[in-house]
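Trainee: I am new to this structure. Could we go through it piece by piece?

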Amino acid sequence: MKLDELLGEYSELERSLADPAVHADQNRARTLGRRYAQLTPIVTTYRELEGVRADLEAAKELSEEDAAFAAEAEELEGRIGPLEERLRHLLIPRDPNDDKDIIMEIKAGEGGEESALFAGDLLRMYLRYAEREGWKTEIIDAQHSDLGGYKDVTVAVKAKGADGVWARLKYEGGVHRVQRVPVTESQGRIHTSAAGVLVYPEAEEVDVQIDPNDLRVDVFRSSGPGGQSVNTTDSAVRITHVPTGVVVSCQNEKSQLQNKESALRILRARLLAIAQEEADAAASAERKSQVRTVDRSERVRTYNFPENRISDHRVGFKAYNLDQVLDGELTAVIQALTDAEMAEKLAAHA
C-alpha cells in the first residue's frame, strides 16, 4: 500500500475511533485500535520528516540573510537521511499476525527421557522470557515423562499491551537440538537429542469458523507418567477435524468441558495456520521452516552445554551464554532473527 493510501486510512481510523457507536462492538473497536497502533509510527515519522524538510527550507532561505541559520540548516539536513531510512523500514509490509498472541507446542523427539527433559528446559526458557516481557502464560495441556520432563506440552502466551507475541516468538518454530551429558548417562558421555517446537498465532473465533458437524469428539481417561491413570472419569478429550484430519487431544483439566474448550482453542490456531498457508505463499514459506517431525538433521538451533554455547543455524548467530538464554534471556537471539528478516525484506523492496 502506498504512503498516501496509508495516511488516508489513518485519518479514517481516527474518525471511526472517535465515534462512540464503534465502541459498542468491542471486536470491531479492538481490530480498528490495533490497525491504528500499527499505522501510528508510520504517520508520526512521516509528519516529523515533513516538518524537518519545511524547517530546512526556511533555514536555507534565512541563511542567505543571516549566517547564523547556516548551522541550523546543516543540523536539519543531517536529520533527514535517518528519518527517511526509518520511514522506509516502517513501510516494509509487516506480518499481519505480528500483533497476535500465540499457542506454542513443545514435543520431545529423539533421545527418550533426555529429550523429554530438554523439552521441559525449553518450556522453562519460554516461560521465563515471557515473564521478563510482562506477558501472561497458560499451560493448556501437558503430558509428563517419568523423570519430570514433558513428552508434549502446549502453552498459550498473551501480551498485556499492544505489542503481540507472534512478532517475536514466530522464529522459534523448528527442531531444537541439545548436546550434553544426560542425567541417565553413567559413563559421562555427551549425547545429542532433540525437541520440536511449533508456534501458531492464536485464532479468535471470528478468525476461524468451525462447523460442529465437521468434528469427531472422543473422550478417554487421562493418564500420568508411565501410563498410570490419574483420573477415574472420561475427562480427556480428543477432537478430530474430519475435513483436514487435524487431531487435538487435551487432558490437563479435570472437566471434560474444559478439556474440550482447550482442544478447540488449539484446533482453531492450527486451522488458521493451514488456511494462511493455502492463501499466502509468503506465509507458506515461513511455515516450512517449522519442522513437523522432530528429526535431528532438520535443526534450527543447537544448545551445547559443555561449551555453554547457543547457535542459531538460520542466521549464523552464536553466543556463549547458554545458561542465561535458558533462564529466559532470549533478546539477542530473537533480535538477530528479526534483523535478518528485515534485511531480506529491504533487499526485496529495494
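**Strands and helices**

Mentor: Strands E1 and E5 run antiparallel and are joined by seven bridges. Strands (E, at least two residues) and helices (H or I, at least four) are DSSP runs numbered from the N terminus, and two strands pair if DSSP finds at least two bridges between them. The model is predicted, so local features need pLDDT of at least 70 and side-chain atom pairs pLDDT 80 or more, while totals for chains, interfaces and linings use all residues. Residues are numbered from 1 along each chain as its sequence is written, and side-chain values use heavy atoms, leaving out hydrogens and water.

Trainee: Which residue in E5 is the bridge partner of alanine 108?

Mentor: E1 and E5 are the antiparallel pair just described. The partner of alanine 108 in E5 is alanine 195.

Trainee: Which residue in E3 stands opposite isoleucine 103?

Mentor: Strand E1 (residues 102-108) also pairs with strand E3 (residues 150-158), in the antiparallel sense and over six bridges. Opposite isoleucine 103 in E3 stands alanine 156.

Trainee: Which residue in E5 stands opposite valine 175?

Mentor: Strand E4 (residues 174-180) pairs with E5 over seven bridges, again in the antiparallel sense. Opposite valine 175 in E5 is glycine 196.

Trainee: What is the order of the strands in the open sheet, and by how many degrees are neighbouring strands turned on average?

Mentor: The open sheet has eight strands with mixed pairing, in the order E2-E3-E1-E5-E4-E9-E10-E11. Its edge strands, E2 (136-144) and E11 (317-319), each pair on one side only. With axes fitted to C-alpha atoms (for helices over the stretch in contact) and angles running from 0 to 180 degrees between N-to-C directions, neighbouring strands are turned against each other, direction ignored, by an average of 15 degrees.

Trainee: How many residues of strand E5 are buried?

Mentor: Buried means under 20% relative accessible area, exposed means over 50%, and partly exposed lies in between (1.4 Å probe, protein chains only). Strand E5 (residues 191-201) has 11 residues and is mostly covered; the buried ones number nine.

Trainee: Why does asparagine 308 count as partly exposed?

Mentor: Asparagine 308 lies in the loop between strand E9 (299-304) and strand E10 (309-312). Although not a glycine, asparagine 308 has a positive phi of about 55 degrees. Most residues other than glycine have a negative phi. Asparagine 308 counts as partly exposed because its relative accessibility is 24%.

Trainee: How far apart are the end C-alpha atoms of helix H4?

Mentor: The expected span of a helix is 1.5 Å times one less than its number of residues. Helix H4 (residues 113-133) has 21 residues, so the expected span is 30 Å, and the distance between its end C-alpha atoms agrees: 30 Å.

Trainee: Which residue follows H4?

Mentor: The residue after H4 has a positive phi, near 75 degrees, and is glycine 134.

Trainee: Which residues does methionine 342 touch, not counting those up to four places away in sequence?

Mentor: Methionine 342 is found in helix H9 (residues 331-348) and, at 27% relative accessibility, counts as partly exposed. The C-alpha atoms of methionine 342 and histidine 89 are separated by 8.0 Å, although the two are 253 residues apart along the chain. Taking contact as heavy atoms within 4.5 Å, methionine 342 touches His89 and Ile92.
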